[in-house]
Amino acid sequence: MARAFVIGHPIAHSKSPVIHRFWLDALGIEGSSYEAIDVAPGDLEGFIARLREGAFAGGNVTIPHKEAVLALCDDLDPLARRIGAVNTLVATSGRVMGHNTDCPGFLANLDTGAPGWSQGLERAIVLGAGGAARAIIVALIERGVPEIVILNRSPDRAHGLARELGAGRQGVAADGLEAYESLAPGTGLLVNTTAIGMGGSRFDALDPARLGQDAVVNDIVYTPLETELLQAAHRAGKRTVDGLGMLLHQAVPGFAAWFGQTPQVTPALRDAVLAAMGDKN
Ligand code: NAP
C-alpha cells in the first residue's frame with residue numbers, strides 16, 4: 001500500500017490524478033492512493049518534511065513549486081539538476097529524491113508519435129524559453145541533435161537559456177521569433193513550448209509549410225489538442241505530434257517508483273484524460 005500526491009497552488013486543474021488513478025485501477029492495485037493536495041508556497045518545506053518522515057511514497061510537483069522544491073530535496077537526479085526543476089519526488093529511507101521526468105516524457109512522446117524523428121535531424125527549433133523549454137532543450141541535447149535554436153518573444157531570455165544549457169557544447173543558439181522565416185527551410189523539428197496555442201491563440205507569422213520537407217511539428221500545448229500550429233502543419237503535409245502524450249509519458253517513472261509496477265500509455269488512458277478535459281477531439 002502506497003500513498004502518492006500531486007502538489008501545486010492551485011491544484012484543481014491537474015490531470016495527474018486522472019492518469020495515476022486510471023493506472024491504479026487498470027493494474028488492480030488496491031489500497032494505494034493518489035491525491036491532489038493544494039500546498040501554498042509557505043507550506044512547501046513542511047510538506048517535504050512530512051514526505052521525508054514517510055507520510056507518502058512520493059508524488060508530483062507542479063506550478064509554482066517545480067523550482068523551489070529543488071533546494072528542499074536531499075538528492076537530485078542529474079537531469080533535474082541540469083534542468084533546474086523537479087516534477088517528481090520519491091521518498092525512500094528518510095530521504096527525498098527529486099527527478100525531472102518531463103525530459104524523458106517529451107522524448108517518449110516523439111518516439112511514439114513520429115518514430116525515427118531524430119535520425120538525420122540537423123536542426124531543431126524550440127519556440128519559447130520558459131520552464132518547459134528547459135526540459136525540452138536538455139532532452140534534445142541528450143538525443144544528440146546537432147543544432148538547436150531557441151526562438152523567443154523576449155530574445156534575451158532565449159540567449160540566457162542557450163548560454164546556460166548549451167555551455168561547453170556547440171550548436172545551441174538563440175534569437176527572436178522573427179528569425180523563424182530564414183531558419184525554417186533547414187529545420188527538421190519544430191517544438192512549441194510557449195503558451196501560444198492555448199484557448200485557440202495563434203502565432204501571427206509562423207508558417208510550418210516553410211519547414212524542411214520531412215519536418216515534424218510538436219506542440220506541447222494540449223488545450224486544445226489540435227492547436228492552430230498543428231492544424232497548419234497538418235495542412236502543409238508535415239508529421240504532427242500533440243502535447244498530451246508528453247503529459248502521459250512523464251507520469252510513467254513516478255508511478256513505477258511509488259507503486260512498483262511500470263504502467264503503459266494506452267489509447268484508453270488517453271481517452272480517459274480527454275474525457276476529464278471535456279474534449280474528445
Ligand atoms: P512559462 O515558463 O511561463 O513560459 C512561457 C513561454 O511562452 C515564454 O517563452 C514566453 O515568452 C512565451 N509566451 C507567452 N505568451 C506569449 C505570447 N503572447 N507571444 C509569444 N510568446 C509568448 O511557461 P511553461 O511552464 O514553459 O509552459 C508553457 C506551455 O507548455 C504551457 O501552455 C503549458 O501548459 C505547456 N506544458 C505542457 C507540458 C506537457 O506535458 N505537454 C508540460 C509542461 C508545460 P517570454 O519569455 O517572451 O515571456
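This note goes through the ligand site, the two pockets and the unusual backbone geometry of a predicted model.

1. Ligand placement. The ligand sits in the largest pocket. Two elements each give two or more residues to the shell around the ligand: helix H5 (131-142) and helix H9 (244-250). That shell holds 20 residues. The closest are Ala132, Asn152, Arg153, Ser154 and Arg157.

2. Shell composition. By class, the shell around the ligand has 10 nonpolar residues, eight polar ones and two charged ones.

3. Polar contacts. Three contacts to oxygen atoms of the ligand deserve a look in the viewer. Arg157 brings a polar side-chain atom to 2.7 Å from a ligand oxygen. Gly131 uses its backbone instead, with a polar atom 2.9 Å from an oxygen of the ligand. Ala195 also uses its backbone, and here an N or O atom lies 3.3 Å from a ligand oxygen. As for cover, the ligand on its own has 930 Å² of accessible area, and the protein covers 73% of it.

4. Largest pocket, size and lining. This pocket contains about 1400 Å³ of space. Its lining counts 43 residues. Nearest the pocket centre are Ile63, Lys66, Ala132, Thr193 and Ile220. Ala132 is thus on both lists: it is among the closest residues to the ligand and among those nearest the centre of the pocket.

5. Largest pocket, elements and classes. Strand E3 (58-61), H5 and H9 supply at least two lining residues each. H9 gives the most, with three. The lining divides into 19 nonpolar, 18 polar and six charged residues.

6. Second largest pocket, size and lining. What volume does the second largest pocket have? The value is about 210 Å³. The pocket is lined by 16 residues, and Asn109, Thr112, Asp242, Gly245 and Arg270 are the closest to its centre.

7. Second largest pocket, elements and classes. Four elements each supply at least two residues of this lining: helix H4 (102-113), strand E12 (239-241), H9 and helix H11 (267-277). H9 therefore deserves attention at both sites, as it supplies at least two lining residues to the largest pocket and at least two to the second largest. The classes here are six nonpolar, seven polar and three charged.

8. First cis peptide. The bond from Ile63 to Pro64 is cis, with omega near 10°. Pro64 is in the loop between E3 and strand E4 (75-76). Its partner Ile63 is one of the residues nearest the centre of the largest pocket. E3, at one end of that loop, supplies at least two residues of the pocket lining.

9. Second cis peptide. Thr223 and Pro224 are also joined by a cis bond, here with omega near 5°. Pro224 belongs to the loop between strand E11 (216-219) and helix H8 (228-235).

10. Positive phi. Ser93 is not a glycine, yet its phi is positive, near 50°. Where is Ser93 found? The residue lies in the loop between strand E5 (88-92) and strand E6 (95-99).

11. Why list points 8 to 10? Most peptide bonds are trans, and most residues other than glycine have a negative phi. The sites to check are the bond from Ile63 to Pro64, the bond from Thr223 to Pro224, and Ser93.

Terms used
Residues are numbered from 1 along each chain as its sequence is written. This is a predicted model: local features need pLDDT of at least 70, side-chain atom pairs count only at pLDDT 80 or more; totals for chains, interfaces and linings use all residues. Side-chain values use heavy atoms; hydrogens and water are left out. A residue is near a molecule or strand if one of its heavy atoms lies within 4 Å of it. A polar contact is a pair of N or O atoms within 3.5 Å; within protein, one must be able to donate a hydrogen and the other to accept it, and residues adjacent in sequence count only if both atoms are side-chain atoms. Accessible areas come from the Shrake-Rupley method with a 1.4 Å probe; for residues, only the protein chains shown count as cover. On a 1 Å grid over the protein atoms alone, a cavity is a set of points where a 1.4 Å probe fits but cannot get out, and a pocket is an open set with protein on both sides within 12 Å along at least five of seven lines; lining residues have an atom within 4 Å of a point. A molecule sits in a cavity or pocket if more than half of its atoms lie within 2 Å of its grid points. Ala, Val, Leu, Ile, Met, Phe, Trp, Tyr, Cys and Pro count as nonpolar, Asp, Glu, Lys and Arg as charged, and the others, Gly among them, as polar. Grid points are joined across faces, edges and corners, and a volume is the space filled by probe spheres set on the points.
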